Amino acid sequence: PLELIYHALTLKQLGHSVKFYDLQANPENIKFFFNDFNEAKNSICIVLVTTPTLENDISFLHQINKKNINSRIFVRFSLKNTNIIRNILDLGIVEKVLFGETEMIIGDIIENNTDDGTAYLKNDEVFLGKNIVIEDMNGLPDLNLDFIDFSRYTYVLLPKGNGNFFTFQSS
């Protein structure tokens, strides 16, 4: 979940205390997640939601809300599918759905300084902010990944003509 890693790194740079859990790769860490989450005050949670796991993801969002009713929950969803976004927002527990490349503006989003890269309900209608595209990758935080456990990830090199390789990450 590289986009969530960059969100976490940006928030760390802004002085936020950040804990990163990849519960698909490390499902045994769910008890640690909920312990940390329950103890946190003013907690903000960004959850990656995907179409293939939508039902399970929505169930997880309900669990988060039930454990810490005062938390702010944001969902990262890569598609601009307004029907699915509407269903997520209609849960009444998600503040905003993030789409596009919001990694560099996540601080402004959680401080409510911008609607760019977000979808939310306004007068019972889905409002879509401007789609954000990162034009200069050099502006992203350095990949200091000391807060992530990579022991459960598998990397496979996939050939891509002319000796170039791409990696596929699976958890």
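Here are some short exercises with worked solutions on the predicted model shown above.

**Exercise 1. The sheet**

Work out the strand order of the open sheet and find which strands stand at its edges.

*Solution.* Start with the order: five strands form an open sheet, arranged 1-2-3-4-5 with mixed pairing. Next, look for strands that have a single partner. Strand 1 and strand 5 (125-128) fit this description, so one side of each lacks a neighbour in the sheet. Then follow the twist, which averages 25° from one strand to the next. Finally, look at one pair in detail. Strand 4 (residues 118-122) runs antiparallel to strand 5, and four bridges join them. Within strand 5, Val-126 is the residue opposite Leu-121.

**Exercise 2. Helices on the sheet**

Find which strands helix 1 and helix 4 touch, and how each helix is angled.

*Solution.* Take helix 1 (residues 2-13) to begin with: this helix packs on the sheet and touches strand 1, strand 2 and strand 3 (96-98). Its direction makes about 160° with that of strand 1. Now turn to helix 4, which also packs on the sheet, in contact with strand 2, strand 3, strand 4 and strand 5. Here the angle is about 115°, taken against the direction of strand 5.

**Exercise 3. A closer look at helix 1**

Check the length of helix 1 against what its residue count predicts, then describe its buried residues.

*Solution.* Helix 1 has twelve residues, and at 1.5 Å a residue these should span 16 Å. The C-alpha atoms at its ends are 16 Å apart, which agrees. For burial, the cut-off is under 20% relative accessible area. Leu-4, Ile-5, Tyr-6, His-7, Ala-8, Leu-9, Thr-10 and Leu-11 are buried in this helix. The partners of the buried residues are strand 1, strand 2, strand 3 and helix 5 (106-110). After the helix comes Gly-15, with a positive phi near 95°.

**Exercise 4. The nonpolar cores**

Identify the largest nonpolar core, name the elements that build it, and trace the surroundings of Val-94.

*Solution.* The largest core contains 24 residues, and Ile-64, Val-94 and Val-97 have the most contacts inside it. At least two residues each come from helix 2 (30-39), strand 1 (44-48), helix 3 (54-67), strand 2 (72-76) and helix 4 (82-89). Helix 3 contributes the most, with five residues. Setting aside neighbours within four places in sequence, Val-94 contacts Leu-61, Ile-73, Val-75, Ile-88 and Leu-89. There is also a second, separate core of 18 residues, with Tyr-6, Leu-11, Phe-20 and Leu-98 among them.

**Exercise 5. Ile-85**

Decide whether Ile-85 is buried or exposed, and list its contacts beyond four places in sequence.

*Solution.* Ile-85 lies in helix 4. Its relative accessibility is 0%, so Ile-85 counts as buried. Apart from neighbours within four places in sequence, its contacts are Phe-77, Leu-79, Lys-80, Val-97, Ala-119, Val-126 and Leu-128. As for Leu-98, that residue is 13 residues from Ile-85 in sequence and 9.6 Å away in space, C-alpha to C-alpha.

**Exercise 6. Two asparagines with positive phi**

Locate Asn-112 and Asn-123, and classify how exposed each one is.

*Solution.* Asn-112 sits in the loop between helix 5 and strand 4, with a positive phi near 60°. Its relative accessibility of 47% makes Asn-112 partly exposed. Asn-123 belongs to the loop between strand 4 and strand 5, and its phi is positive too, near 50°. With a relative accessible area of 72%, Asn-123 is exposed.

Technical notes
Residues are numbered from 1 along each chain as its sequence is written. This is a predicted model: local features need pLDDT of at least 70, side-chain atom pairs count only at pLDDT 80 or more; totals for chains, interfaces and linings use all residues. Side-chain values use heavy atoms; hydrogens and water are left out. A nonpolar core is a set of buried Ala, Val, Leu, Ile, Met, Phe, Trp, Tyr and Cys residues joined through side-chain atoms within 4.5 Å. Buried means under 20% relative accessible area, exposed over 50%, partly exposed in between (1.4 Å probe, protein chains only). Contact means heavy atoms within 4.5 Å. Two strands pair if DSSP finds at least two bridges between them. Axes are lines fitted to C-alpha atoms, for helices over the stretch in contact, and angles run from 0 to 180 degrees between N-to-C directions. The expected span of a helix is 1.5 Å times one less than its number of residues.
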